[in-house]
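Colleague: Could you take me slowly through the aromatic pairs in this model, and then through whatever else you can describe with care?

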Amino acid sequence: MGKRSLRDRLRNRQTNNANREPKRAGSKYVNIMNTKDLGIEKLKFEPEGEYLVDVLPFPVKGDKHPDYEALRKDYGDDDIYDERLTIYTHKVDTGNGTSRVICPKETYGKPCPICEAKSKLFDEYGNWHDMTPDQQKEIKAHNTQQLEFYAVRDRESGDVKYINYSNFYFGKNLDSKLARQQSKDDIVLAYPGEDGYSLRFWVETSALKGRKGEDLPGEVKDFEFEPRAKAVPDEILDAVPSLDDALIVYTYEELSDMLDGTYFAQGHDDDEEVEEEEAPAKEERKRTAEVETEAEEEDPREARRREREE
């Protein structure tokens, strides 16, 4: 069998990424990627706005990518590319607030002390519906949330940038629109050839407010795929960094120390170079958690069944 084309490989990744089991919505607090290592800026969304981008394939450098082994097998000796980077995160208390860290279990299939702590709480507290609100809240604090990164060319500025947004507010809606459109057109978003597509989308204003009362960007529901007349220039493709190479992956021991509070007490601080978006105002943070929980709360019984099977 001959080598598969880049378009075929990216189409396969687009399908596989769209079929991932969804998790709860992503957080606005992240401590998962050293973004200064990327060398490109984030495409920051306004509270309400229209954007036109070319989704670009990014080079995969190593086993920080969750699907590295499968990609290595598919690409063989060829350079490896992917169309998005999907990770799962936990929230941890730093003593001065909260940060997000990568969950090794959901992201890499490796042991995770935070997931183990959640399972022990289920064993201790018993049936979900018999738990007190405080017990349920304690378990929810250990939930994982799905976050996605895309490399894009911002058509307004012409620069290579990256998008970091939750699957719940961006990726799942994009995948749904792609699935409906595929019956008419063979759309492989990250394919850079002249018969590729640009992506136009609209960001809606969130019902929540920032800490200063300002509007925040919310869900992206509306997408359009526009045929691209020309291929993406090589100089643009050469400027795309490896997204996975900049991930911050903590060890089991470090995550255990974060869980019991000793990691930051020993003098470790949040990396000043990691991305950290402005948090909603204090009075809104509680409502933010409530909205996310109502929007896409994992069935605790199903979660516990899956954990026991694994």
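**Aromatic pairs**

Modeller: In this predicted model, the count of aromatic pairs comes to 13, where two rings pair if their centres lie within 6.5 Å. One of them joins phenylalanine 45 and tyrosine 165, whose ring centres are 5.1 Å apart and whose planes stand at 65 degrees, so this pair is edge-to-face, since planes over 60 degrees apart count that way. The pair links distant parts of the chain, for phenylalanine 45 belongs to the loop between β1 (41-42) and β2 (49-56), while tyrosine 165 belongs to strand β8 (residues 160-166), and the two are 120 residues apart. Phenylalanine 45 is buried, and tyrosine 165 is buried as well.

A second pair to look at is that of tyrosine 51 and phenylalanine 201, which is stacked, with 5.5 Å from centre to centre and 20 degrees between the planes. Tyrosine 51 lies in strand β2 and phenylalanine 201 in strand β9 (residues 197-209), so this pair ties together parts that are 150 residues apart in sequence. Here too both partners, tyrosine 51 and phenylalanine 201, are buried. These four residues also belong to a cluster linked by ring pairs, which consists of Phe45, Tyr51, Tyr150, Tyr165, Phe170, Phe201 and Phe223.

From the rings we can turn to a single residue, leucine 216, which is placed in strand β10 (residues 215-227). Leucine 216 has a relative accessible area of 10%, and it is therefore buried, as the cut-off for that word is under 20%. Its C-alpha atom is separated by 5.4 Å from that of serine 206, although leucine 216 and serine 206 are 10 residues apart along the chain.

The last part to consider is a pair of helices. Two packed helices are described by the angle between their axes and the distance between the axes. For helix α4 (residues 113-125) and helix α5 (residues 133-140), the axes come within 9 Å and cross at roughly 160 degrees, which means that α4 is roughly antiparallel to α5, as angles over 145 degrees count in that way. The crossing of α4 and α5 is left-handed. On the α4 side, Lys118, Leu121, Phe122 and Tyr125 take part in the contact, and they meet Gln135, Glu138 and Ile139 on the α5 side. Sorted by kind, the residues of this contact between α4 and α5 are 4 nonpolar, 1 polar and 2 charged.

Definitions and conventions:
Residues are numbered from 1 along each chain as its sequence is written. This is a predicted model: local features need pLDDT of at least 70, side-chain atom pairs count only at pLDDT 80 or more; totals for chains, interfaces and linings use all residues. Side-chain values use heavy atoms; hydrogens and water are left out. Axes are lines fitted to C-alpha atoms, for helices over the stretch in contact, and angles run from 0 to 180 degrees between N-to-C directions. Helices (H or I, at least four residues) and strands (E, at least two) are DSSP runs, numbered from the N terminus. Angles under 35 degrees count as roughly parallel, over 145 as roughly antiparallel, 65 to 115 as roughly perpendicular and the rest as oblique. A crossing is left-handed if the near helix is turned anticlockwise from the far one by less than a right angle, and right-handed if clockwise. Contact means heavy atoms within 4.5 Å. Ala, Val, Leu, Ile, Met, Phe, Trp, Tyr, Cys and Pro count as nonpolar, Asp, Glu, Lys and Arg as charged, and the others, Gly among them, as polar. Buried means under 20% relative accessible area, exposed over 50%, partly exposed in between (1.4 Å probe, protein chains only). Rings of Phe, Tyr and Trp (its six-membered ring) pair if their centres lie within 6.5 Å; planes under 30 degrees apart count as stacked, over 60 as edge-to-face and the rest as tilted.
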